[in-house]
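Student: I am new to this structure and would like a close look at a single part. Could you walk me through one chain slowly, starting with a residue that stands out?

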Amino acid sequence: MILFLQQTVTGICVGLAYAMIAMGLILLLRAAGVMNFAQGNLMALGAYFAYLFLGKLHLNPAIAVILAILSLIAVGIVFCCVCFFPFKRTKWPQAMLICTIGAGTVISECCLCFITTETKSVDPIVAGSLHLGSFIIPYQYFFIFGVTALMMVGLWLLFDKAYCGRVMSAAAQNKYAADLLGIPTNLTTMLTFCIVVLMVGTAGWLLAPVYRVSNSLSIFQARAFAALIIGGFGSLPGAIVGGIAVGLIESYSTYFTTTYKDVVVFGALLLVLAVRPQGILGSKVKKDKA
Amino acid sequence: MACLQVEDISISFGGLKAVQDVSFALEPGEIMGLIGPNGAGKTTTLNLISGLYACDTGRVLLNGKDVTDKKAYERARMGLGRTFQTPRFLSRSTVGENMKLGTDLADQMGFLKSFFGKKGNDFLDEVDQYLEIADLTVNWKDDISSLSYGQLKRLEIVRALLSHPKVLLVDEPAAGLNAKELEKSVALMRHAAEKGVGIVLIEHKMDMIMNVCDHIVVLNFGKMIAHGTPEEVQSNEAVIEAYLGR
Amino acid sequence: MENGTKRSRFLRLLLVSAVVIAGILLVDKFFIQNLKNSRVNLINVALIYYFSVAGMYLMLGLGGCMSMCSIAVMGLSAFVCGFTNTKLGWPLFPAMLCGILSSVILCAVVGSLLMKLDGRAFMFGTMALVYIGTSVFQNFSAFTGGPNGTSGISKLTLFGKTFSTFKSWFVLLAIACYLLILLLHRIKNTSFGRSLMAARDDETAAYSLGVNVYRTKLLAFIISGVFSGIGGALYAVHNGTISASLFSFTTQQSFIIMLMLGGVMSPVGALFGSILVNYLPEIARSAGTYLNMLYGALIVLLMIFMPMGLAGLLKNQYQKLRKLLTGKRKKTTAKESA
């Protein structure tokens, strides 16, 4: 029972991180039409920043956080300029996808060359853990819960309540019409890129103490893809549900296998595609007969 | 025998009854006009006939065969050609590849046969004949995106004719064309009708419809409110009401 | 008239083939035989990868579907070939055939399941297959040999010649690639190729032109599976050993890069793309730790400035040149310009 609880907590915690990456993917897909294959590398970048500012330069945590936010925003702007603007009128959206792969390689290599080539550990933001009998939750987990929940609420407020968010989603839905209405679509797209990079980078920063800092953090991206499909393609709540589902599946799968974790997770993806292609939260669209 | 017979077809989207109990018959060589105010369900009717939407009720008969349960591509193979309101071409291919798709449909050639057997050049004469009627000059190897809207509009009818259809559904051939180009489109359709193709024509330009069509069906709010010869329709009370309001 | 064009086409094909084969022999004699063995291996492997890349050209360039599972299909074929040859002791040809057959079955099953979905779901489904494949290849020791891989696959003997060294393989692989390019060109000009292109650009138009989109795409997927299967079997025999670490998503990514680098619409371009991607790191070794960063930056720059790849760039320049030389186009009939 304790083991079960422990795994549930771990699963949800990891799942929330997947959900953050998946939400970032959806936002980019909506705003720019690009399937971002550098998402995992961007997340690893967040973790590397955590190590760079806290472990290597020993900065004051407050200054470190501000610096990290600023540099992530800068990365977002550069990323947008490289991976979106040149491809606005392309006939082959796949070129954009390849470009993100290339950009991902550059990001991860930069981390290796300029920050560290070794796998490093980062001190958690709040050390120690909560003991309830033999049931242990590190405080860092609470922190992850809290921050991701805060970001999700923030996103919801931004896109559903704020004028700025509405303008952004209008621009995402129909660029041409938005342009005609005088919405600065280039600016809103760039803003979306910055938000996404910031979000994913934060996820990386939060997970750094749990998983240690290395480029292998980028494998989270594949799980985020799985979360996208399982939750229901294209909706933010779907991404959250999907992310938690993937996290739980992964964590419960340790009951019967440790070597074939990937098979279980991606097998679940294929199963969902076969049985319920619209995902857990997706609604069935009436399809033409053709 | 009628080459296209539509019996009581209906479809609704959510609560909206887009097409309700429309029936008509089309003889070979006849040009039938399908008119009505915007949103009357004309294009939806065409989509029902060509199989892009499934009918909720009713039957569609092609050359006496019931095709209601057939998929769109099967109907196309049985001799149902169509064009679209905005021309639909393979945007990343050449003119030649687009035209050959039409002849592929006429040949009904299987993949393997097409792999080993060479296609003769005979269809090129046919293409040139059609292009001359349509007053088009195109380079076979040009990208399709290099053509203008008016050219595409006519080229789409040419492509549909290349597939040797028995019934041709034409959706707003005049939209965006100037008078001279329109004349050529009409000439193409007349030529096809002379060869025995039954044509259903959607159009807003009344003078053209009255001129070209042998027979007219009028739709309003998804219902058929009148049908008959152009003269009969012109003097029909319900039609005047639908168009002018009361 | 028709016979004449047929004969002249055949003659042209013969001429081109003669030139290409002569070229391959010359390259073999003056370039390949003087290279280091490891470099020859790289070029050969690039040629083998080209089989998978060709399948992706069929799926993406003609069919517009992003298929991500070539590497898993290739891996399955390679390991089935290795397993039947080393553990069951089958002769080489039945083993290779078995490998190819297994990849075809995999593609048929996965394709009929996923092809009904939209493009993105298809992409993720095939991606899932790659991750599952990687995990199985690395851990299922009884079948693949686990982390140690399979080794000791017998050497190929063809026309009384044993292909024991990498250098002896080059001519065979190059000619196979040439045949593959011919096949792809032929497919592009058949009703199948056109149906695929119709399905890629406009499904509604495809339906109205009598194209069964599902069946066409499924067939393309299976054909690309055959290509990948042949590639996998060749890889197993060529290297003699297979290690599971090759069949990962990273390799799949580099397949896509090979295709896009050479030009998504051009089979010949894709061939050069695969050789470049595989061989360039060897040339640019001196860049050291910055090699991968340069590689990534190069990909970004290439995609920005020539999204249609090398072939697209050449085509553009050629068209500009022709326009410059011939000036304005004159009116032509379809018959003349065909």
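Tutor: Let's begin with Asp8(B), which counts as partly exposed because its relative accessibility is 40%, a value between the 20% under which a residue is buried and the 50% over which it is exposed. Please keep in mind that this is a predicted model. Asp8(B) sits in strand β1 of chain B, the strand that covers residues 4–13. What draws the eye is its backbone: phi of Asp8(B) is positive, at about 50°, although the residue is not a glycine.

Now move along the chain to strand β2, residues 16–26 of chain B, where you will find Asp21(B). Asp21(B) is again a residue other than glycine with a positive phi, here near 45°. With a relative accessibility of 48%, Asp21(B) therefore counts as partly exposed.

Next, step back to the chain that holds these two residues. Chain B contains ten helices and ten strands. Its C-alpha trace spans about 60 × 40 × 35 Å along the principal axes. How does its radius of gyration sit beside that of a compact globule? For 246 residues, such a globule would have a radius of gyration near 18 Å, and chain B has 18 Å, so the two agree. Of the 246 residues in chain B, 54% are buried. Sequence separation adds another piece to the picture: if you take the contacts in chain B between residues at least 6 apart in sequence, 68% of them join residues at least 24 apart.

To finish, here is a place where two other chains meet. Helix α11 of chain A (residues 261–275) packs with helix α5 of chain C (residues 119–139), their axes being 9 Å apart and the angle about 150°. Angles over 145 degrees count as roughly antiparallel, and α11(A) and α5(C) are therefore roughly antiparallel to each other. Their crossing is left-handed. On the α11(A) side, the contact is made by residues including Phe266(A), Leu269(A), Leu270(A) and Leu273(A). On the α5(C) side, the contributors include Phe124(C), Leu129(C), Tyr131(C) and Ile132(C). Glycines take part too, among them Gly267(A) and Gly125(C). Sorted by character, the residues of this contact are twelve nonpolar, three polar and one charged.

Key
Residues numbered from 1 in each chain as written. Chains lettered and ligands numbered in written order. Predicted model: local features only at pLDDT ≥ 70, side-chain atom pairs only at ≥ 80, totals over all residues. Heavy atoms only, no water. Axes fitted to C-alpha atoms, helices over the stretch in contact; angles between N-to-C directions. Helix = DSSP H or I, 4+ residues; strand = E, 2+ residues; numbered from the N terminus. Parallel < 35°, antiparallel > 145°, perpendicular 65-115°, else oblique. Left-handed = near helix turned anticlockwise from the far one by under 90°. Contact = heavy atoms within 4.5 Å. Nonpolar A, V, L, I, M, F, W, Y, C, P; charged D, E, K, R; others polar. Rg over C-alpha atoms; globule rule 2.2 N^0.38 Å. Buried < 20%, exposed > 50% of the residue type's maximum accessible area, 1.4 Å probe, protein only.
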